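Visitor: Could you take me on a close look at the aromatic rings in this protein? I am in my first year, so please go step by step.

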Amino acid sequence: MTGGQHGAPAATASNHDIPRLKALHGLMARIRAFERAAETGQNRGLVLGAVHLSIGQEAVAAGVCAQLRRDDLLLSTHRGHGHTLAKGANARAMMLELLGKAGGTSDGRGGSMHIADFSVGMLGANGVVSANIPIAVGAAQAIRLKGGDQVVVCLFGDGAINRGPFMEGLNWAKVFNLPVLFVCEDNGWSATTRTSTLTAGEGAAARARSMDVTAIEIDGNDLVAVDEATRDAVARLRAGEGPILIHARTYRLLGHTASDPAGYRPAGEAEGRWSGDPMRRNRALLEAAGVPAAELDALEQAATDEMTAALDAAEAAPWAPAALALEDVQDAGAPARFWTREG
């Protein structure tokens, strides 16, 4: 797939690796189950603060991260649970993190919008729209200086392309030919505003091409399309052909946050989009290939059971010790007494 190609042919049961798609279906099921458990946790008052769910966008997380090595690096957005789980983070540790408990991926200090797990190359979600883009480019510059062959993937939403760091990041990556895969996870909405009403021109791909950055446009709800586009892009990046942008069109089936009823969307819009849900689409493909419905039911139920258990365990877990709040914090010379109340 080359820059300028629009979309991808619809997946059929006869021309794809069905065992792989079944495994990725299981990953999408785990992502959705984690999000549902996080939603339950917030409804029960266990998860404080804003929680941004990625239900309906699972194919992007699964298809992109499945093509990465453990030592490849990932930067995400405020809607980053699915990306983190797909990169290999432990679901129970992630749930502990959301609840602010000991044993979380950052011992409860990052929470939902800043979840990170350096052990799997996940450098962090980011609560500031587009702020992850220059960080990703800086990480790629470090890889280049060290002579490594890792790639950096930076996921961001369609709203991010209207902020300065998007253009700065693409420019920097192109000037130095860095191994960055920019993935615009375009769900059509910038928080509560339809993105098309505030974006001039043709959008992410056109802006990338204006800088001579290869841009690939795909259906982000087609797991096969995401998987194949990412496979090709990552191979080209490792061969020194970077940077590359993938513009994946998807849809956020729920509100901007777990507590948002999305009343700003036209009546029936979200309901009508459930037919294009990547879970349903991939399940239909698998069943057409002969995978028994009962087998897929069991796979999806196992995901639900796993995440329910993770939430229960996190609720029962102890709080992170207060002293951890001072670890990993740079002290540029402030007297310790200000922290300890001594003196």
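Guide: Happily; here is a walk through the aromatic pairs, followed by a few other spots. Please keep in mind that this is a predicted model.

Let's start with how such pairs are described. A pair of aromatic rings is characterised by how far apart the centres are and by the angle of the planes. In this structure there are two aromatic pairs. One of them is made by F156 and F166, whose ring centres are 5.6 Å apart. Their planes make an angle of 65 degrees, and the pair is edge-to-face because that angle is over 60. Where do F156 and F166 sit along the chain? F156 belongs to strand β3 (residues 152-157), while F166 belongs to helix α6 (residues 164-175), and the two are 10 residues apart. Both partners are tucked away: F156 is buried, with 1% relative accessible area, and F166 is buried too, at 0%.

Now for the pair of W189 and Y264, with 5.4 Å from centre to centre. Here the planes are 55 degrees apart, and the pair counts as tilted because this angle is neither under 30 nor over 60. W189 is part of strand β5 (residues 189-190), and Y264 is in the loop between β8 (244-249) and α9 (269-273), so this pair ties together parts that are 75 residues apart in sequence. Are these two residues buried or exposed? W189 is buried, at 7% relative accessibility, whereas Y264 is partly exposed because its value of 27% lies between the limits of 20% and 50%.

There is one more ring to visit, and its partner is a charge. The charged end of K101 sits over the ring of W319, at 4.8 Å from the ring centre.

Since we have been talking about burial, let's look at a helix and then at a single residue. Helix α2 (residues 58-65) has eight of its eight residues buried, so the rest of the structure largely encloses this helix. Among the buried residues are E58, V60 and C65.

The single residue is N282, found in helix α10 (residues 278-288). N282 counts as buried because its relative accessibility is 4%, under the 20% limit. What does N282 touch, apart from its neighbours within four places in sequence? N282 is in contact with L21, H25, M28 and L223. With L21 there is also a polar approach: a polar atom of the N282 side chain lies 3.4 Å from the backbone oxygen of L21.

Definitions and conventions. Residues numbered from 1 in each chain as written. Predicted model: local features only at pLDDT ≥ 70, side-chain atom pairs only at ≥ 80, totals over all residues. Heavy atoms only, no water. Helix = DSSP H or I, 4+ residues; strand = E, 2+ residues; numbered from the N terminus. Buried < 20%, exposed > 50% of the residue type's maximum accessible area, 1.4 Å probe, protein only. Polar contact = N/O pair within 3.5 Å; in protein donor to acceptor, adjacent residues only side chain to side chain. Contact = heavy atoms within 4.5 Å. Phe/Tyr/Trp six-rings, centres within 6.5 Å; stacked < 30°, edge-to-face > 60°. Lys NZ or Arg CZ within 6 Å of the ring centre and 35° of its normal.
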